[in-house]
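Me: Please take a close look at one part of the structure shown below and describe it in a connected way. I am in my first year, so kindly explain each term when it is used.

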Amino acid sequence: MQPFALNYARPAAELEVTTPYVYDSGMQLNVLRDGRIAARDHALLRELGTTTSTAGSKTHFDD
């Protein structure tokens, strides 16, 4: 017997995404290209909803 969900499950589409920030290991924060801290850019957070570093930490609105 095959589970019902397997009949409809599809792989997630891979999107080409470029992030407007990079991880700064010295500061241990995500920073924008101009050196500002990404978590302080409210427009960026409204657009993306989160910033994810290479370390896997996230800044969420729902924390």
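Reply: R36 has a relative accessibility of 45% and therefore counts as partly exposed. The terms are set by relative accessible area: buried is under 20%, exposed is over 50%, and partly exposed lies in between, with a 1.4 Å probe and with protein chains only. Before going further, please note that this is a predicted model, in which local features need pLDDT of at least 70 and side-chain atom pairs count only at pLDDT 80 or more, while totals for chains, interfaces and linings use all residues. Residues are numbered from 1 along each chain as its sequence is written, and side-chain values use heavy atoms, with hydrogens and water left out.

R36 takes part in salt bridges, a salt bridge being a side-chain nitrogen of Lys or Arg within 4 Å of a carboxyl oxygen of Asp or Glu. The count by this rule is two. In one of them R36 meets the side chain of D34, at 2.9 Å from N to O. R36 also forms a salt bridge with D41, where the closest N and O atoms are 3.6 Å apart. D34, R36 and D41 are thus linked in a network of salt bridges. Their surroundings can be stated for each residue: D34 is exposed because its relative accessible area is 54%, whereas D41 is buried because its relative accessible area is 15%.

D41 deserves a further look. D41 sits in the loop between β2 and α1, the latter spanning 42-48. Helices (H or I, at least four residues) and strands (E, at least two) are DSSP runs, numbered from the N terminus. A polar atom of the D41 side chain lies 3.0 Å from the backbone nitrogen of L44; such a polar contact is a pair of N or O atoms within 3.5 Å, and within protein one must be able to donate a hydrogen and the other to accept it, while residues adjacent in sequence count only if both atoms are side-chain atoms. Apart from residues up to four places away in sequence, D41 touches L32 and R36, contact meaning heavy atoms within 4.5 Å.

L32 leads to another residue, P20. With neighbours within four places in sequence left aside, P20 is in contact with L32, R33, L44 and L48. P20 belongs to the segment before β1, which covers 21-24. P20 is partly exposed because its relative accessible area is 34%. Its C-alpha atom is separated by 9.7 Å from that of N30, a residue 10 places apart from P20 along the chain.

N30 in turn brings in the strands. N30, in β2, is the bridge partner of Y23, and L29, also in β2, is the bridge partner of D24. β1 and β2 pair in the antiparallel sense over four bridges; two strands pair if DSSP finds at least two bridges between them. The hairpin of these strands has four residues between them, and in it Q28 takes a positive phi near 55°. Q28 is not a glycine. Most residues other than glycine have a negative phi. Q28 lies in the loop between β1 and β2, the second strand covering 29-32. Q28 counts as exposed because its relative accessibility is 59%.

Finally, the setting of this part is the chain as a whole. Its secondary structure comes to one helix and two strands, and from the N terminus on the order of elements is β-β-α. The chain has 63 residues, of which 17% count as buried. Among contacts between residues at least 6 apart in sequence, 15% join residues at least 24 apart.
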